[in-house]
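Please open your viewer and keep the selection tool at hand, since each stop below tells you what to pick and then what is found there.

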Amino acid sequence: MRLLIEVDKLGKSKSGEPKTLYNKDSKIEFISNYESMDSQMTIFWQFLKASKYEKKINKKYQIALEKLLNCADMENNMIYGQLLIANLYRIPVGASSVTLENYYTESQEPITIKLDNKLSGKENAERYFKKYNKEKKTVKAVEPQIEELKNLLSYISSLFAEIEL
């Protein structure tokens, strides 16, 4: 909307009459206004590019945060695997869950661990260890990405601040 107003201003002289290119003063004023409009158009296109880029970076940032949140129970998976290994003799074949004492807490409160009833106790423990290792690698890969995306977003916001001036 602002650019349309500027284009309207280019077509009229100070007295409100349409400009002609034949008057030398009018020609100089038209050229200077055209250069001003050209710089405004450049700023407008930079703003559009930056806003599209910001949306893309924000989406990547949200995905990275979701990945990090999905790894929140990483330590629990390691504990479940270790508890299963330590109590293999107490896990019945084909069980869908098992309740064991959690010796990682001071009160050693019982904890219920979900199992795949098609797998043995050892295979269930291995499954929890694999899950833990996968999540650990994900956290290691995602944390630097999140930091880089934060830096990009702050850079883009500084560009917006500069463009608005």
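Begin by selecting Glu101 and Arg90, whose side chains meet in a salt bridge with a nitrogen-to-oxygen distance of 2.7 Å. Keep in mind throughout the tour that this is a predicted model. Under the rule used here, the count of salt bridges comes to one. If you colour by secondary structure, you will find Glu101 in strand β1 and Arg90 in the loop between α3 and β1, eleven residues apart, so that the pair links distant parts of the chain. Glu101 counts as partly exposed because its relative accessibility is 37%, and Arg90, with a relative accessible area of 32%, is partly exposed as well.

Next, select helix α3, residues 74-86. With 13 residues at 1.5 Å a residue, this helix should span 18 Å, and its end C-alpha atoms are 19 Å apart, which agrees. Which residues of α3 are buried? They are Met74, Asn77, Ile79, Tyr80, Gly81, Leu83 and Leu84. While you look along the helix, it helps to remember that an α-helix has 3.6 residues a turn, so residues three or four places apart point the same way.

Now show the side chains of Leu83, Leu84, Val98, Leu100, Ile113 and Leu115, which are the residues with the most contacts inside the largest nonpolar core, a set of 13 residues. At least two residues of this core come from each of α3, β1 (97-101), β2 (110-114) and α4 (121-164), and the largest share, four residues, is supplied by α3.

Stay here and select Leu115 by itself. Setting aside neighbours within four places in sequence, Leu115 is in contact with Leu84, Ile91, Ala95, Ser96, Ser97, Val98, Asn124 and Arg127. Apart from this core lies another one, made of ten residues, among them Ala50, Tyr61, Ala64 and Leu153.

To visit that second core, select Ala50, which has its place in helix α2 (residues 24-70). Is Ala50 buried or exposed? Its relative accessibility is 9%, and because buried means under 20%, Ala50 counts as buried. Not counting residues up to four places away in sequence, Ala50 touches Ile156 and Phe160. If you draw a distance from the C-alpha atom of Ala50 to that of Ser157, you should read 9.0 Å, although the two residues are 107 residues apart along the chain.

Now turn to the aromatic rings, where the count comes to two pairs by the rule applied. For one of them, select Tyr80 and Tyr128, whose ring centres are 5.4 Å apart and whose planes stand at 80°, so the pair is edge-to-face. Since Tyr80 lies in helix α3 and Tyr128 in helix α4, the pair ties together parts that are 48 residues apart in sequence. Both Tyr80 and Tyr128 are buried. Add Arg127 to the selection, and you will see its charged end over the ring of Tyr128, 5.1 Å from the ring centre.

For the last stop, select Glu126, which is found in helix α4. At 37% relative accessibility, Glu126 counts as partly exposed. How many residues apart in sequence are Glu126 and Leu84? They are 42 residues apart in sequence, while their C-alpha atoms are 9.2 Å apart in space.

Definitions and conventions. Residues are numbered from 1 along each chain as its sequence is written. This is a predicted model: local features need pLDDT of at least 70, side-chain atom pairs count only at pLDDT 80 or more; totals for chains, interfaces and linings use all residues. Side-chain values use heavy atoms; hydrogens and water are left out. The expected span of a helix is 1.5 Å times one less than its number of residues. Buried means under 20% relative accessible area, exposed over 50%, partly exposed in between (1.4 Å probe, protein chains only). A nonpolar core is a set of buried Ala, Val, Leu, Ile, Met, Phe, Trp, Tyr and Cys residues joined through side-chain atoms within 4.5 Å. Contact means heavy atoms within 4.5 Å. Rings of Phe, Tyr and Trp (its six-membered ring) pair if their centres lie within 6.5 Å; planes under 30 degrees apart count as stacked, over 60 as edge-to-face and the rest as tilted. A charge sits over a ring if NZ of Lys or CZ of Arg is within 6 Å of the ring centre and within 35 degrees of the ring normal. A salt bridge is a side-chain nitrogen of Lys or Arg within 4 Å of a carboxyl oxygen of Asp or Glu.
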